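User: I'm new to this structure and would like a close look at a single part of it. Could you pick one strand and walk me through what surrounds it?

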Amino acid sequence: MSNQMNENYDHLQTRIAAACKRVDRSPDSVRLIVVTKTHPVETVQSVIDLGITDIGENRVQEIVHKEPHLTGEYTLHMVGHLQTNKVNKVLPHIRWIHSIDREKLVNAIESAQKESSETINALVQVNTSGESSKYGCSPDKCLGLCERVCASGALQFRGLMTIGPLGGGEAGARKSFEMLRNLGEKCRGLTNSLELSMGMSDDFEWAIEEGATMIRVGSLLLGRRSQ
């Protein structure tokens, strides 16, 4: 697994660099979040041992199970939908939430963090494709929710996140990513360094070309998930 992961990582870095070059960006401007959903603790540890410090998980139960067993330098990102009744469980384990999509969730995080002086880095998730199967606030509610996050003492507003459409190919993906970039421009005054988390294994190169500063990739590095 280790040799294959090394090869996959080298290939992934080459593709990231090529995408950046096409739009005159530095590869250092793109932060790779490796999504380890359904993979065992041993695989996650191998990713960290490879020198990749940003780990993404979709499910609270996996974060709670895996994180206590991990060692080394890493930052854990919650990239999946977060239910309000699981906020208390997950907050002690993570530094980033990519999926702030409603005020009710902000309220729950504030309640859970009221005894803590630490803040969680927060990205507002926007449903840029309009698909009912996807979470995220509507584009017209984006700025208001971003301002609500900025007003929170429990969260540090850092930018926006979206998931490209299931269908639509390159044109559909780019349309979603362009929309997020444009929404980001409206929110740029709310943070010193705006992050755009967009692009996964099937569309990360288009996302980079459209301005992604974070990409969430799993299968290209780790192989297809077991479930």
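Analyst: Let's take strand 6, residues 155-161. In this predicted model, six of the seven residues of strand 6 are buried, so the strand is largely enclosed by the rest of the structure. The cut-off behind that word is simple: a residue is buried when its relative accessible area is under 20%.

So what sits beside it? On one side there's strand 5, residues 120-125. Strand 5 and strand 6 run parallel and are paired over six bridges. To find the pairing in the picture, look for A122, which stands opposite F157 of strand 6. To get from one strand to the other, look for helix 6, residues 142-150: strand 5, helix 6 and strand 6 together form a β-α-β unit, and that unit is right-handed.

Strand 6 also pairs with strand 7, a short run covering residues 195-197. Again the sense is parallel, with three bridges joining the two. Here the place to look is L160, which has L196 of strand 7 opposite it. The chain gets from strand 6 to strand 7 by way of helix 7, and this β-α-β crossover is right-handed.

Now for the stretch that leaves strand 6. Between strand 6 and helix 7, which spans 169-187, there's a loop, and G164 is in it. Is G164 buried or exposed? With a relative accessibility of 9%, G164 counts as buried, because the limit is under 20%. Its contacts reach to several other places in the chain: even with neighbours within four places in sequence set aside, G164 touches E131, K134, S176, F177 and D203. One of these, S176, is within the 169-187 span of helix 7. There's also N127, which is 37 residues from G164 along the chain, yet the two C-alpha atoms are separated by 8.8 Å.

Let's follow the pairing back the other way, past strand 5. Strand 5 is joined to strand 4 by three bridges, and these two run parallel. In this pairing, W96 of strand 4 has N121 as its bridge partner in strand 5. The route from strand 4 to strand 5 goes through helix 5, residues 103-112, in a β-α-β crossover that is right-handed.

Strand 4 itself, residues 96-100, is mostly covered, with five of its five residues buried. Strand 4 has another partner too: strand 3, residues 75-78, runs parallel to it and is joined to it by two bridges. W96 turns up again here, as the bridge partner of H77. That makes W96 a handy landmark when you trace the pairing, with H77 as its partner on one hand and N121 on the other.

One last stop, away from strand 6, is the empty space inside the model. How many cavities of 30 Å³ or more does a search of the whole structure find? There's one, and the largest cavity holds about 30 Å³ of space. Its lining is made up of T36, V44, I55, E57, I63, K66, E67, L70 and L76. Strand 2, residues 54-57, and helix 3, residues 60-66, each supply at least two of those lining residues. By class, the lining has five nonpolar residues, one polar and three charged.

Terms used. Residues are numbered from 1 along each chain as its sequence is written. This is a predicted model: local features need pLDDT of at least 70, side-chain atom pairs count only at pLDDT 80 or more; totals for chains, interfaces and linings use all residues. Side-chain values use heavy atoms; hydrogens and water are left out. Buried means under 20% relative accessible area, exposed over 50%, partly exposed in between (1.4 Å probe, protein chains only). Helices (H or I, at least four residues) and strands (E, at least two) are DSSP runs, numbered from the N terminus. Two strands pair if DSSP finds at least two bridges between them. A crossover is right-handed if, with the strands pointing away from the viewer, the path from the first strand over the helix to the second runs clockwise. Contact means heavy atoms within 4.5 Å. On a 1 Å grid over the protein atoms alone, a cavity is a set of points where a 1.4 Å probe fits but cannot get out, and a pocket is an open set with protein on both sides within 12 Å along at least five of seven lines; lining residues have an atom within 4 Å of a point. Grid points are joined across faces, edges and corners, and a volume is the space filled by probe spheres set on the points. Ala, Val, Leu, Ile, Met, Phe, Trp, Tyr, Cys and Pro count as nonpolar, Asp, Glu, Lys and Arg as charged, and the others, Gly among them, as polar.
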